Amino acid sequence: MKNRRLKAHRNDPCPCGSGLKYKKCCLSTKTLGDADGNKELYFKKYGIRLKEEKDIEGIRKAGRLALSTLELVASQIGPGITTDDINTLVHDFTIRNGATPAPLNYRSFPKSVCVSVNEVICHGIPKNRPLKDGDIVNVDVTPILNGYYADVNKTFFVGTPGPDAQKIVRVAGECLKMGMSAVRPGNRIGDIGWAIQNYAEGQGCSVVREFVGHGVGLEFHEPPQIPHYGRKGEGIVLVPGMVFTIEPMINLGAKDLDILDDNWTAVTQDGSLSAQFEQTILVTDNGFESLTPFDL
Ligand code: MF3
Ligand code: CO
Ligand code: CO
């Protein structure tokens with residue numbers, strides 16, 4: 001099933017166009033269980049830094065801090081609290097735990113956390129807006145702890161959700177679960193996107209195209225990109241040591257978005273609700289491990 005299109009001989013130039021010999025390139029990614037062989041290849045070919053055990057432990061620790069940050073936020077969320085209050089909570093808790101909030105000043109982002117309410121898809125800038133009963137709110141936290149990044153987000157209900165809110169939050173959570181289930185060595189990046197898109201569209205929802213998951217760990221955003229749509233069997237082969245986010249943004253209506261004049265806030269063009277869940281995922285020898293695990 002794998003590698004059907006690659007008919008090259010081992011000494012031929014690799015059909016992927018890398019300029020390497022086939023045996024040193026795509027052939028070896030299929031046959032080498034050898035992490036060291038993949039390490040050089042994945043960096044040369046894709047700019048992907050496969051993580052070593054000490055990196056993984058560092059990201060795992062950052063992940064634990066990120067999850068406790070979300071727990072703190074969850075305990076405080078309710079009608080009347082402003083998105084700026086959430087920013088203060090996240091900022092202070094991160095600093096108090098010896099970490100730095102990665103969003104602050106990242107490409108001129110002005111705050112320490114993204115807080116995205118209702119029709120806001122992602123990158124909401126905290127401000128003096130009180131949450132109200134029935135809202136949904138996504139909180140996306142990324143601490144840098146001892147140089148390591150972990151990226152995680154959840155969408156919360158404020159007070160009592162209506163049926164639309166319940167639906168989009170359920171579907172977005174399921175989408176992350178579906179994406180994660182497609183992660184194992186030998187599968188490809190396109191398998192992740194396909195699993196997500198297939199489920200979301202089957203539920204009558206849509207998948208945002210403009211923002212994607214990403215390599216993470218040593219930097220905020222590293223190669224590769226992880227689209228939340230796609231085709232089975234396409235894209236880079238997953239190998240142990242890859243660490244990337246899966247963070248599907250799912251709309252109740254159409255997939256199209258606008259960016260507000262602040263140059264950050266992404267909103268659904270049709271004003272429909274949008275929800276998102278994100279985890280930082282490690283490809284292991286026989287599947288995956290979430291470095292920011294929570295129940296979905
Ligand atoms: N945390 C977001 C992500 O999941 C990125 C936010 S960039 C920021 O990739 F500058 F807005 F923080
Ligand atoms: Co991310
Ligand atoms: Co994030």
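**Local geometry and packing in a predicted model**

Asn263 is exposed, with 11 other C-beta atoms within 10 Å, a count that falls in the exposed class because this class takes in residues with 12 or fewer. In this predicted model, Asn263 is placed in the loop between β13 (257-259) and β14 (266-268), and its phi is positive, about 70°, although Asn263 is not a glycine. Most residues other than glycine have a negative phi, and most peptide bonds are trans. A positive phi, of about 55°, is also found at Asn118, again a residue that is not a glycine. Asn118 lies in the loop between β2 (114-117) and β3, and with 23 C-beta neighbours inside 10 Å it counts as buried. The backbone also contains a cis peptide bond, from Pro223 to Pro224, with omega near 0°; Pro224 belongs to strand β10.

The chain as a whole is made up of 6 helices and 17 strands. Its radius of gyration is 20 Å, close to the 19 Å that the globule rule gives for 296 residues, so the chain is as compact as a globular protein of that length. Taken along the principal axes, the box filled by the C-alpha atoms is roughly 65 × 45 × 35 Å. Buried residues make up 48% of the 296 residues of the chain, and of the contacts between residues at least 6 apart in sequence, 67% join residues at least 24 apart.

Among the helices, α5 (163-181) has 19 residues and reaches 27 Å from its first C-alpha to its last, close to the 27 Å expected at 1.5 Å a residue. The buried residues of α5 are Ala165, Ile168, Val169, Val171, Ala172, Gly173, Cys175, Leu176, Met178 and Gly179. Helix α6 (residues 189-202) has 14 residues, which at 1.5 Å a residue should span 20 Å, and the end C-alpha atoms of α6 are 20 Å apart, in agreement with that expectation. In α6 the buried residues are Ile189, Asp191, Ile192, Gly193, Trp194, Ala195, Ile196, Gln197 and Ala200. These buried residues of α6 pack against α5 and against four strands, namely β8 (206-207), β10 (222-226), β11 (243-246) and β12 (249-251). Gly204, which follows α6, has a positive phi near 80°.

A further helix contact is formed by α3 (residues 53-76) and α4 (residues 83-96), whose axes come within 10 Å and cross at roughly 145°. This crossing of α3 and α4 is right-handed. On the α3 side, the contact involves Thr69, Leu72, Val73 and Gln76, which meet Ile86, Leu89, Val90, Phe93 and Thr94 in α4. The residues of this contact divide into 6 nonpolar, 3 polar and no charged.

Several individual positions illustrate contacts between parts of the chain that are separated in sequence. Gly215, in strand β9 (residues 213-215), is buried, with 24 other C-beta atoms within 10 Å. Gly215 and Arg49 are 166 residues apart in sequence, yet their C-alpha atoms are 8.5 Å apart in space. When neighbours within four places in sequence are left aside, Gly215 is in contact with Ile48, Glu222, Pro223, Pro224, Val243 and Phe244, a set that includes both residues of the cis peptide bond described above.

Ile125 occupies the loop between β3 (120-122) and β4 (136-141), and with 22 C-beta neighbours inside 10 Å it counts as buried, since 20 or more such neighbours are required. The C-alpha atoms of Ile125 and Pro110 are 7.5 Å apart, at a separation of 15 residues in sequence. Not counting residues up to four places away in sequence, Ile125 touches Pro110, Lys111, Asp262, Trp264 and Thr265.

Gly287, by contrast with these buried positions, counts as partly exposed, with 14 C-beta neighbours inside 10 Å. Gly287 is located in the loop between β16 (279-283) and β17 (288-290). Its C-alpha atom is 8.5 Å from that of Pro240, a residue 47 places away in sequence, and outside the four nearest places in sequence Gly287 is in contact with Val183 and Arg184.

Definitions and conventions. Residues numbered from 1 in each chain as written. Chains lettered and ligands numbered in written order. Predicted model: local features only at pLDDT ≥ 70, side-chain atom pairs only at ≥ 80, totals over all residues. Helix = DSSP H or I, 4+ residues; strand = E, 2+ residues; numbered from the N terminus. Rg over C-alpha atoms; globule rule 2.2 N^0.38 Å. Contact = placed C-beta atoms within 7 Å. Expected span 1.5 Å × (residues − 1). Axes fitted to C-alpha atoms, helices over the stretch in contact; angles between N-to-C directions. Left-handed = near helix turned anticlockwise from the far one by under 90°. Nonpolar A, V, L, I, M, F, W, Y, C, P; charged D, E, K, R; others polar.
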